[in-house]
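Biologist: I'd like to learn how to read helix packing and chain contacts in a model. Could you walk me through one?

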Amino acid sequence: MNEERLRVLSALRMRIAIALTLTMIVIYFGFILLIAFNPALMGSLVVPGLSVGILLGALVIVVSWLLTWGYVRWANDYYDRELAELSK
Amino acid sequence: MSAALSAALLQVAAGGENAARTTSIGEPNAVAMGFFFAFISVTLGITYWAARKTRTTEDFYAAGRSISAGQNGFALAGDYMSAASFLGIAGLVSTTGFDGLIYSTGWLVGWPVVLFLIAEPLRNLGKYTFADVVAARMRQTPVRIAAAIGTLATVIFYLIAQMVGAGGLIKLMFGLSYETAIVVVGIAMIAYVLFGGMIATTWVQIVKAFLLLGGATILAALVLSKFSWSPLALFSAAAERYGATVLAPGKLVANPWDAVSLGMALMFGTAGLPHILMRFYTVPDAQAARKSVFYATGLIGFFYLMTFILGFGAMVLVTPEAIVAVDKGGNMAAPLLAEVLGGTPFLGFIAAVAFATILAVVAGLTLSGAAALSHDLWVSVARKGEATPIEQLRVARIATVVLGVIAVMLGITFKGQNVAYMVSLAFAIAASANFPALLLSIFWRGCTTMGVVSSMLVGALATVLLIYLSPTIQVDILQHESAWFPLKNPALVSIPLSFAVGIVVSLVSRDPEARAKFAEVARRVHLGGRG
């Protein structure tokens, strides 16, 4: 078992996890703070029928899912392969 | 099912604009009964099959770790999408417009957090409950007791909300009495969990997730078919009839800090819900746990995007006046929409789907509560880990019956109460009592037994206390002039408080054993059993 390599991998996963979590927090609380402090902007229309608020709300959902996709891709491709090599 | 559905579709074609404003909600509905009994028969059949496969505690709590990532994705979605999601959001959007969508987004954004921080370490460190993870390098007894308090508090408030919701819903839809409805739900959920354990509970979730996603998709498609398949045409119609304000934030977020606090409870509560966390033990390894969150996030996100269509569809096609006339809380918006679009048969189908939704969620909750009582309190604390497998299984089953009976009694006791604050209470406790302790114990070397225990206890107590002092209880329920605590949801205060207490107490207390074991735990976070 290569302890040093595991430590490096562990630190990398931690950095990615923290960065993605912070991204999620910024996106969602950005959305919430806009609702709370700038409702007029959220109510303005992009095109008839579509307000900024509804567009951003749908985007929050889609982007959340894309973030999980990005993480799973990285973990399946890189993290798992490193772990498999480590535990040989 | 297909005959009833095509009948429903035919009626939509014939019904058109003058679909009746009178509703058959509240009258016994033969189609609803038929679908409901079909669901009960299928799920009890699954339970019978599962009971024959449930021999060990690993089968009972974790389905023998044999659930695939895809199956667990559906099961997670089934466990998570409660009646509050389906009926509650549709109701809120149809009566308030945009404000309801704050919940649609809030209930999804917790899932990436679960994936990035919790799912894989949990699978690699624990066995049956989240307390296994917190206790991995700490002294067992105090951690298990505190974690069981956090789990049971979350589960019980969640159960009350679901039970009271179920009773009211079934009364409205099937014409059964409230008490009968609660007892029927109680018996079915005890049967699933008692005999079929996690295997039956998982498959009940999967069947329910298919029904709920299928029912909501058909309903959304029927709505869009009336607006030339354009969501924007639907939103425009809503804005035309009720003013552009329905597309903008309204009075639900009159106090900005309330919105932020609610957002925190929703986002971090998901990562502390015991029945969700328990599902990660049902898959073979951490990789499957990871993939299952990805599938679940996709399914749940798709569902919440559809709530946009269902809510505004109900606003335009049913009208808020008609929705509030049937139920003040607006909870009947989705069933009423189904009736307008597909007549009584489709109403019956959607009613049965809503019932199945509640039944599946309470089964998952009961199983996680029973695991806290038997695995954490009885086996780990009372018997110091020395119980035989047969005794463990027996205690788990006794705990299931006890919790089921308690849930039925609480459901009857809290009849007629406003249940919304109980769901927010469950999320706030999960976010304040369970989530900080999990995070600190997995990732922080300096975390001590005293630290996590005080974080869990202070998190749970502060949440309950602040909810009691909040305007929801003091002004709305106790009819006092004002409330001591200004926010409706305590998460803004209770989550940072729980973290702060955990950190400060860890810094001033000593736990050489927890520190010494950190290196091993840090390895197991990645390697699980392999390390």
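Modeller: Gladly! Bear in mind that this is a predicted model. Let's start with a pair of helices in chain B: Pro121(B), Asn124(B) and Leu125(B) in helix 7 of chain B meet Val521(B), Arg524(B) and Val525(B) in helix 23 of chain B. By class, this contact consists of four nonpolar residues, one polar and one charged.

Biologist: What is the general idea behind the spacing of such residues along a helix?

Modeller: An α-helix has 3.6 residues a turn, so residues three or four places apart point the same way.

Biologist: At what angle do the axes of helix 7 of chain B and helix 23 of chain B cross?

Modeller: They cross at roughly 110° and come within 7 Å. Angles of 65 to 115 degrees count as roughly perpendicular, so that is how helix 7 and helix 23 of chain B are arranged. The crossing of these two helices is right-handed.

Biologist: How do I check the length of a helix, say helix 19 of chain B?

Modeller: Allow 1.5 Å a residue: the 20 residues of helix 19 of chain B (449-468) should span 28 Å, and the end C-alpha atoms are 29 Å apart, which agrees. Of those 20 residues, 14 are buried, so helix 19 of chain B is largely enclosed by the rest of the structure.

Biologist: And how many residues of chain A are in contact with chain B?

Modeller: The contact joins 39 residues of chain A to 45 residues of chain B. On the chain A side, helix 3 of chain A gives the most, with 16 residues. That side has 28 nonpolar, ten polar and one charged residues.

Notes
Residues are numbered from 1 along each chain as its sequence is written. Chains are lettered from A and ligands numbered from 1 in the order in which they are written. This is a predicted model: local features need pLDDT of at least 70, side-chain atom pairs count only at pLDDT 80 or more; totals for chains, interfaces and linings use all residues. Helices (H or I, at least four residues) and strands (E, at least two) are DSSP runs, numbered from the N terminus. The expected span of a helix is 1.5 Å times one less than its number of residues. A residue is buried if 20 or more other C-beta atoms lie within 10 Å of its own, exposed if 12 or fewer, and partly exposed in between; C-beta atoms are placed from the backbone. Two residues are in contact if their C-beta atoms, placed from the backbone, lie within 7 Å. Ala, Val, Leu, Ile, Met, Phe, Trp, Tyr, Cys and Pro count as nonpolar, Asp, Glu, Lys and Arg as charged, and the others, Gly among them, as polar. Axes are lines fitted to C-alpha atoms, for helices over the stretch in contact, and angles run from 0 to 180 degrees between N-to-C directions. Angles under 35 degrees count as roughly parallel, over 145 as roughly antiparallel, 65 to 115 as roughly perpendicular and the rest as oblique. A crossing is left-handed if the near helix is turned anticlockwise from the far one by less than a right angle, and right-handed if clockwise.
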